[in-house]
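The following exercises are intended for a reader who meets this structure for the first time. Please attempt each task before consulting its solution.

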Amino acid sequence: MRYLSTRDASGDASQQFCDILIGGLAPDGGLYLPQSYPQVDAATLADWRRILNEEGYPALAHAVLTLFIDDIPSDDLRGICERAYTAEKFMTEEIVPVTHLDDRLFIGHLSNGPTAAFKDMAMQLLGELFEYELTRRDSSLAILGATSGDTGSSAIFAMKGRERIHVFMLSPSGRMTPFQQAQMFSVDDPKVVNMAVQGVFDDCQDIVKHVASDLDFKELHRLGAVNSINWARLLAQVVYYVACWLRATEGQPDAETQKVSFSVPTGNFGDVCAGHVARCMGVPIEALVVATNENDVLDEFFRTGVYRVRTNSETQETSSPSMDISKASNFERFVFDLLGRDGARIAELFGGLGTGEGFDLSDDPAFGKARSEYGFLSGASTHADRIATIAAVEKKYGVLVDPHTADALKVAFDVLDAGEVSSPIVVLETALPVKFAQTIVEAVGREPEVPEAFAYLADAERHVMQIPNDAEIVKKVIVETLT
Ligand SMILES: *Cc1c(COP(=O)(O)O)cnc(C)c1O
């Protein structure tokens, strides 16, 4: 398997998996994708069903990843998957349990990992892959990131305690939920440095960009990132689409041809992009439902063909904060496929995409294929919708969901009621309610339960540095920690 950049007009695919594992963007500013998607048939799916049922989730991950990775020996890759997905880290042997709510509705639980958010599904694998590859190259890495909550803690829990990796994580001081702060700052590891910046999330991101734009500094200190455009993260996520499909169709007649749909709470289009890859591989997925909150850049695109990037001031702070985006960083991958993999056109459409810009495909015949050929549907929800959905789902099914999952449930109900799909929908649960207690209290009038694994957080000591909004200070902390 070779990889190409979405902005490369030559279609030249020369990179192998490990070449693109640690880097983020391609040199031309595009995102990496495999030169073609491996195809699976009913026999492969039946084989994967046996593997999942008899050997478990890590073995399924190995089977799927093998199709995309040919520069890590198979036994090593198996070990990587086994270390990433343990029952100990994910609170359950199944890793991704699927709950049957009724004939039309399932929940796929992606949030049983160490930080109670779906990002652990990808980040835990990334941690193992990084350690493996850095050891092989006898190298090291300093991860610099900015977070508004879930990404930072997920990265820290995946990378802590690894000999060759440092983590420098910036977060806006006092702006994460109490659970998120307690969790991130609880990590006691001299190679993990939390910096709480006097400012908002965008300030943190600007500091990261500023530091990373100093190329000499970046190279000298081997700075890297773990952002959501990383191909390995996406690939890890393909596995749970397969697992959810297998579990939702288990025991049905002609299971290998049964379709299901997915409803996915969407921000940067990473989660649902993995669904797109799975569908393109031939996993029997009918529809991929993109569910946004008030920040509805993507819902607008799928309804109208207009992709209009929002400015920072247009981006709302909502009660599903991990979906508060102004542009969707993985969306370019889907548009690349939608437009027949025309790298020159993608470079044109996305190359100049600054704040407030975008593009209009409403008159392009390819736009219709988003639905007809690629199965995309979409919808949006508001704070009031989330509150009502959390309460209604708890009442009807006895299941308490977090506000992001509520976005996806709300849109799934709309799609089912409108008869837009004929298959059952698997709603992907992306966080546990405990992370967003305030919204849960508003919806159901009581605090969410704290799972046993997180009980220690209440009195955990905090390891965090308060710093002003100043990139030079961040650089100084990096230098002092690394030397
Ligand atoms: C990151 C995140 C999302 C959005 O995922 P994308 O891959 O950015 O679309 C949704 N819900 C939760 C809880 C998240 O942490």
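Four exercises follow, each with a worked solution, and they concern a predicted model.

**Exercise 1. The ligand and its surroundings**

Determine which residues come nearest to the ligand, and establish which polar atoms of N268, F269 and T430 lie beside ligand atoms.

Solution.
Step 1. Begin with the shell. There are 15 residues around the ligand, and K119, D150, G267, N268 and T430 come nearest.
Step 2. Sort the shell by character. The residues divide into 5 nonpolar, 7 polar and 3 charged.
Step 3. Examine the ligand's oxygen atoms. A polar backbone atom of N268 is 2.8 Å from an oxygen atom of the ligand. For F269, a backbone N or O atom lies 3.2 Å from a ligand oxygen atom.
Step 4. Turn to nitrogen. A nitrogen atom of the ligand has a polar side-chain atom of T430 at 2.8 Å.
Step 5. Consider the cover. On its own the ligand has 380 Å² of accessible area, of which the protein covers 97%.

**Exercise 2. The sheet of 5 strands**

State the order of the strands in the open sheet of 5 strands, and identify the helices that lie against this sheet.

Solution.
Step 1. Read the order. The strands follow one another as β8-β5-β6-β7-β15, and their pairing is parallel.
Step 2. Locate the edges. These are β8 (223–224) and β15 (465–467), each of which pairs on one side only.
Step 3. Inspect one pair. Strand β5, residues 141–146, is joined to β8 in the parallel sense over 2 bridges. Within β5 and β8, I143 stands opposite G224.
Step 4. Add the helices. Helix α7 (residues 150–159) packs on the sheet and touches β5, β6 (165–172) and β7 (192–197). The direction of α7 makes about 165° with that of β6. Helix α20, residues 471–482, lies across β5, β6, β7, β8 and β15, and runs at about 155° to β6.

**Exercise 3. The sheet of 6 strands**

Describe the pairing and the edge strands of the open sheet of 6 strands.

Solution.
Step 1. Recall the principle. Strands of a sheet pair through backbone hydrogen bonds, in either a parallel or an antiparallel sense.
Step 2. Apply this to the sheet. Its order is β3-β4-β14-β9-β10-β13, and the pairing is mixed.
Step 3. Find the edges. Strands β3 (98–102) and β13 (376–380) each pair on one side only.
Step 4. Note the turn. Ignoring direction, neighbouring strands of this sheet are turned by 25° against each other on average.
Step 5. Select a pair. Strands β4 (residues 105–109) and β14 (residues 425–429) run parallel and are joined by 5 bridges. Here H109 stands opposite E429 in β14.
Step 6. Place the helix. Helix α12, residues 270–281, lies across β9 (260–265), β10 (285–292), β13 and β14, at about 170° to β10.

**Exercise 4. The setting of Y397**

Which residues are in contact with Y397, leaving aside its neighbours within four places in sequence?

Solution.
Step 1. Assign the element. Y397 lies in helix α17, which comprises residues 383–397.
Step 2. List the partners. Beyond those neighbours, Y397 is in contact with L101, D102, L105 and F413.
Step 3. Specify the polar contact. The side chains of Y397 and D102 make one at 2.6 Å.
Step 4. Compare with Y37. That residue is 360 residues from Y397 along the chain, and their C-alpha atoms are separated by 38 Å.

Technical notes: Residues are numbered from 1 along each chain as its sequence is written. This is a predicted model: local features need pLDDT of at least 70, side-chain atom pairs count only at pLDDT 80 or more; totals for chains, interfaces and linings use all residues. Side-chain values use heavy atoms; hydrogens and water are left out. A residue is near a molecule or strand if one of its heavy atoms lies within 4 Å of it. A polar contact is a pair of N or O atoms within 3.5 Å; within protein, one must be able to donate a hydrogen and the other to accept it, and residues adjacent in sequence count only if both atoms are side-chain atoms. Accessible areas come from the Shrake-Rupley method with a 1.4 Å probe; for residues, only the protein chains shown count as cover. Ala, Val, Leu, Ile, Met, Phe, Trp, Tyr, Cys and Pro count as nonpolar, Asp, Glu, Lys and Arg as charged, and the others, Gly among them, as polar. Two strands pair if DSSP finds at least two bridges between them. Helices (H or I, at least four residues) and strands (E, at least two) are DSSP runs, numbered from the N terminus. Contact means heavy atoms within 4.5 Å. Axes are lines fitted to C-alpha atoms, for helices over the stretch in contact, and angles run from 0 to 180 degrees between N-to-C directions.
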